[in-house]
Amino acid sequence: MPEKNVISWNAIISGYSQSGHNEEAVNLFIEMMREGSLPNQSTFPCAISAASNIAAFGIGKSFHASAIKILGTLNIFVSNSLISFYAKCGSLEDSLLLFNKVQKTNLVSWNALICGYAHNGKGREALEFFRRMQAMGLRPNAVTLLCVLLACSHTGLVDEGISLFNRVKLENHELLNPEHYGCMVDLLSRQGRFGEAEKFIHDLPFDPGIGFWKALLGGCMIHSNTKLGEFAAQKILDLDPNDVPSYVMLSNAHSSAGRWRSVSMIRKDINEKGMKRVPGCSWIEIRNKVHVFLTADRNQEKRDEINVVLIFLAEQLKETKVYHCWSLI
């Protein structure tokens, strides 16, 4: 393209960001700046959202600084993307600070804040923000409800989650979709309330998908309920015979119970079917450098130092209940 303008840059950055190609979107935004094209109020939300999706904290902060320098006053779309960015990167103080600076918050602003606190394990704070939002006269949407249920699930606020779900089901049932029902199964399973979780699945107004059984299986892993775990795993494999993570989770459950014959049979089944586990991946940004970690990665440059720390942590945890859960990971 001989001449690019802000509209063409916005189109390509937005396209990459919305299709999940976040690194490419971030790099395109940086390229845009280097070529001397000035981004506008529509460019920054796409670039900042892309940075938040890969937890590129340093890069996102530089985007924030550029937005202040170039735009001066940030509109609600840029502000909301920044609230979400800081929350996703775990910087809740900065997220709340930005939220409090917005003169006229909207439902998206509140959702970004509530979801941020929910994902960072601050369930009670998320519930408090939810109550404050309602006190201001804002009606929650499906995203709000999902974030609040997630907050309850991850912090053990079972009764609060059940109460909210039942109230919405009675007063505003059109807000509910399968994701909310799945979150309820996760909520009950995490707390070991398997009888209620099974009944909830049985009473669903639709056929449960694979996610419901995975939520139940996850709870069984936490509470070492191998019998129900086998049932949930079989349901998953009936829906998707090639779901490797379910085989692995079931193998771990048998391993923790000392059922080595069952472990051997499951692993043999995996090998005979030629199934391969997709390696887990995580990353962390330190001093503007992103460090990537893969399961069973023998080429990680800090491998020796990491192993020393892991051995030390394992020794410290052996005498605690935490070690049992850690050994299943």
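What follows is a chat between a visitor and a guide about a predicted model of a protein chain.

Visitor: How confident is the predictor in the protein chain?

Guide: Remember that this model is predicted. pLDDT runs from 0 to 100, and the protein chain averages 88, with 95% of the residues scoring at least 70.

Visitor: Where is confidence lowest, and where is it highest?

Guide: The low end is helix α18 (residues 322–326), with a mean of 50, while helix α5 (residues 76–88) has the highest, at 96.

Visitor: What makes up the secondary structure of the protein chain?

Guide: You'll find 18 helices and two strands. The C-alpha trace spans about 65 × 55 × 40 Å along its principal axes.

Visitor: How many of the residues are buried?

Guide: Of the 329 residues in the protein chain, 40% are buried. To earn that word, a residue needs under 20% relative accessible area.

Visitor: Why is aspartate 243 called buried?

Guide: Its relative accessibility is 7%, and buried means under 20%, so aspartate 243 counts as buried.

Visitor: What makes lysine 199 exposed, and aspartate 203 partly exposed?

Guide: Exposed means over 50%, and lysine 199 has a relative accessible area of 53%, so it is exposed. Aspartate 203 has 44%, which lies between 20% and 50%, so partly exposed is the right label.

Visitor: How do you know that lysine 199 and aspartate 203 meet in a salt bridge?

Guide: Check the N to O distance: it is 2.7 Å for these two side chains. A salt bridge needs a side-chain nitrogen of Lys or Arg within 4 Å of a carboxyl oxygen of Asp or Glu, so this pair qualifies.

Visitor: Why can such side chains pair in general?

Guide: Side chains of opposite charge can pair when their charged atoms come close.

Visitor: How many salt bridges does the structure hold?

Guide: Seven. One of them joins the side chains of glutamate 35 and lysine 4, at 4.0 Å from N to O.

Visitor: What does the pair of glutamate 35 and lysine 4 tie together?

Guide: Glutamate 35 sits in the loop between α2 (22–34) and α3 (43–53), and lysine 4 in the segment before α1 (6–18), so the pair ties together parts that are 31 residues apart in sequence.

Visitor: Why do glutamate 35 and lysine 4 count as partly exposed?

Guide: Glutamate 35 has 45% relative accessibility and lysine 4 has 39%. Partly exposed covers the range between under 20% and over 50%, so both labels fit.

Visitor: Which lysine does aspartate 243 meet in a salt bridge?

Guide: Lysine 214, with 3.0 Å from N to O. Aspartate 243 lies in the loop between α14 (226–239) and α15 (244–256) and lysine 214 in helix α13 (residues 210–223), so they link parts that are 29 residues apart in sequence. Lysine 214 is partly exposed, at 33%.

Visitor: What joins Asp159, Arg193 and Glu196 into one network?

Guide: Salt bridges that share partners.

Visitor: Which residues form the nonpolar patch on the surface?

Guide: Trp283, Val290, Val292 and Leu294, with about 350 Å² of accessible area together. Strand β2 (residues 289–294) gives the largest share, three residues.

Visitor: How do you know that leucine 294 is accessible enough for the patch?

Guide: Patch residues need over 30% relative accessible area, and leucine 294, at 42%, passes that cut-off, so its accessibility fits. Leucine 294 lies in strand β2, and at 42% it counts as partly exposed.

Definitions and conventions:
Residues numbered from 1 in each chain as written. Predicted model: local features only at pLDDT ≥ 70, side-chain atom pairs only at ≥ 80, totals over all residues. Heavy atoms only, no water. Patch = residues over 30% accessible without salt bridge, like charges linked within 9 Å, V, L, I, M, F, W, Y side chains within 5 Å. Areas by Shrake-Rupley, 256 points an atom, 1.4 Å probe, with all protein chains shown as cover. Helix = DSSP H or I, 4+ residues; strand = E, 2+ residues; numbered from the N terminus. Buried < 20%, exposed > 50% of the residue type's maximum accessible area, 1.4 Å probe, protein only. pLDDT = per-residue confidence, 0-100.
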